[in-house]
Amino acid sequence: MFSPNSSQAHSVNNLLLLTTAIGAVILLIVSAVVFYSAFRYRSDLRPGEPRQIFGNRNLELLWTGIPVILLIVLFGFTINTMVRIDPAPSPQQQPDVIITGYQWWWHVEYPQAGVVTANEIHIPVGRQVLFELRGGDVIHSFWVPQLGPKRDTIPGRVNHLWLEANTPDVYLGACAEYCGTQHAWMRIRIIAQPQAEYEQWLQQQRAAAAAPTGGEIARGAQIFQQQTCVNCHAIQGTGANGQAGPNLTHLGSRQTIGAGVVENTPANLASWIKDPRQIKPGVNMPGYQLSDADLQALVAYLESLK
Ligand code: CUA
C-alpha cells in the first residue's frame with residue numbers, strides 16, 4: 001500500500017495519506033486543547049468548578065459545522081478516487097482474467113487465451129488489465145496492495161477490478177476477507193512481465209501438458225491416473241479433468257504450491273502429497289499413502305509439467 005506501482009494504487013495511497021493527515025491534525029488539536037485545559041484549570045490554581053457554559057449557539061455551530069465540512073471533503077475525495085480507479089467496463093468488454101476464490105486457493109482463467117492455472121497470475125506491464133472476480137464457495141477478497149484496491153469475490157455475483165503494474169516484478173497479495181482456518185494461506189502472486197514475455201508465458205500455458213518422458217516420469221503419470229488425483233485435478237492433454245482442485249497442467253512452472261504456503265520444490269511437493277494437512281491444516285486434499293518409489297515418481301511427473 002505504501003509502495004504503489006500503478007495509477008490505481010497511487011490514488012488509493014493518496015486517499016489514505018489525506019485521510020491520515022486530516023485525522024492527525026484533529027488528534028493534535030484535540031490533544032492540545034485537553035492538555036491546555038487540564039493544566040490551565042487544575043484545582044490547585046483555582047479551587048472549585050470553573051465557569052460552566054450552557055447553550056452557546058456559536059460554539060455548537062462550530063463543533064457541528066467543522067466535522068460536517070470534513071466529512072463532505074473526505075466523501076468527495078473518496079468518490080473521486082473510486083470513479084477514477086474503477087470505471088465500469090463496457091458490456092462488450094471481455095475480462096482478461098477471471099478469478100474464482102475457493103477455500104483456500106484462487107482459480108485463475110484467461111478466457112481469451114483458453115488458459116487455466118492457479119494462484120500465480122501473470123499480467124503484462126503498462127496496461128490496465130480487467131479482472132472478473134467470482135466466489136466459488138464463501139466470500140473471499142482479492143487484494144494486491146501495490147497494484148490496486150481490494151475487491152470481494154462473492155458467490156453468485158460478478159465483480160470487476162482493474163489492475164495495472166508499472167514495472168515488471170512479482171507483486172504479493174492475499175485474501176482479505178476471513179474465510180476459514182487457512183484464510184492466511186490464500187496468497188496471490190502477480191507476475192508482471194513485458195508484453196512479449198507475457199505472451200510467451202500465455203502460449204506455454206495454453207499448450208497441453210508435456211508428454212511423460214523416461215521411465216520414472218511415465219510411471220508417475222500412470223500413478224496420477226490410477227489414484228484419485230484425477231477426481232479433483234485437471235491436466236490438459238490427459239484424461240484428468242477434475243474441477244474441484246487447482247489445474248495442474250503446468251504445475252512445474254509455478255513458484256509455490258498450496259496457494260503460497262510452501263515453495264514448489266520436489267521435497268515440498270512430496271510432503272504435500274503425503275500429508276497436505278500437516279502443511280496446511282483443514283485443506284480439502286487428502287493425504288496419499290504411497291511407497292517412497294511411487295511418491296518420488298509422482299513428484300517427478302508433476303514437476304516435469306513445466
Ligand atoms: Cu479467502 Cu480469506
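The following paragraphs lead through a predicted model, from its helix pairs to its nonpolar cores and then to a few residues with particular backbone or contact features.

Because the model is predicted, local features need pLDDT of at least 70 and side-chain atom pairs count only at pLDDT 80 or more, while totals for chains, interfaces and linings use all residues. Residues are numbered from 1 along each chain as its sequence is written, and side-chain values use heavy atoms, with hydrogens and water left out. Helices (H or I, at least four residues) and strands (E, at least two) are DSSP runs numbered from the N terminus.

Two packed helices are described by the angle between their axes and the distance between the axes. Axes here are lines fitted to C-alpha atoms, for helices over the stretch in contact, and angles run from 0 to 180 degrees between N-to-C directions. Angles under 35 degrees count as roughly parallel, over 145 as roughly antiparallel, 65 to 115 as roughly perpendicular and the rest as oblique.

Toward the N terminus, helix 1 (7–40) and helix 2 (residues 57–85) have axes that come within 9 Å and cross at roughly 170 degrees, and the two helices are therefore roughly antiparallel to each other. Their contact (heavy atoms within 4.5 Å) is made by Q8, S11, V12, L15, L18, T19, I22 and I26 of helix 1 together with L70, L74, F77, T78, T81, R84 and I85 of helix 2. By class, this contact of helix 1 with helix 2 has nine nonpolar, five polar and one charged residues, where Ala, Val, Leu, Ile, Met, Phe, Trp, Tyr, Cys and Pro count as nonpolar, Asp, Glu, Lys and Arg as charged, and the others, Gly among them, as polar.

Helix 8 (residues 292–303) takes part in two further pairs. The axes of helix 4 (residues 215–226) and helix 8 come within 7 Å and cross at roughly 95 degrees, so that helix 4 and helix 8 are roughly perpendicular to each other. In this pair, E216, I217, R219, G220, A221, I223 and F224 of helix 4 meet A293, D294, Q296, A297, L298, A300, Y301 and L302 of helix 8, and these residues divide into ten nonpolar, two polar and three charged. Helix 6 (residues 266–274) and helix 8 have axes that come within 10 Å and cross at roughly 120 degrees, and they are therefore oblique to each other. Here P266, L269, A270, I273 and K274 of helix 6 meet L295, L298, V299, L302 and E303 of helix 8, a contact that divides into eight nonpolar, no polar and two charged residues.

In soluble globular proteins, nonpolar side chains tend to be buried together. A nonpolar core is a set of buried Ala, Val, Leu, Ile, Met, Phe, Trp, Tyr and Cys residues joined through side-chain atoms within 4.5 Å, with buried meaning under 20% relative accessible area, exposed over 50% and partly exposed in between (1.4 Å probe, protein chains only). The largest such core has 29 residues, of which I99, Y110, I121, I123, F131, F142 and I190 touch the most other members. Among the elements that each supply at least two residues of this core are strand 1 (97–102), strand 2 (105–110), strand 4 (120–124), strand 5 (129–135) and helix 3 (195–206). Not counting residues up to four places away in sequence, I123 touches V129, F131, L147, A165, I190, I191, A192, Q193 and Y198. A second, separate core of 28 residues includes A221, I223, L248 and L298.

Some individual residues complete the picture. In the segment before helix 1, N5 counts as buried at 15% relative accessibility, and, leaving aside its neighbours within four places in sequence, N5 is in contact with Q146, L147, E164, A165, N166, T167 and Y171. V125, in the loop between strand 4 and strand 5, is likewise in contact with A165, N166 and T167, among others.

Most residues other than glycine have a negative phi, and most peptide bonds are trans. The peptide bond from Q103 to W104 is cis, with omega near -5 degrees, and W104 lies in the loop between strand 1 and strand 2. N119, in the loop between strand 3 (115–118) and strand 4, has a positive phi of about 65 degrees although it is not a glycine, and N119 counts as buried at 8% relative accessibility. A259, in the loop between strand 11 (256–257) and strand 12 (262–263), has a positive phi of about 55 degrees and is buried, with a relative accessible area of 2%.
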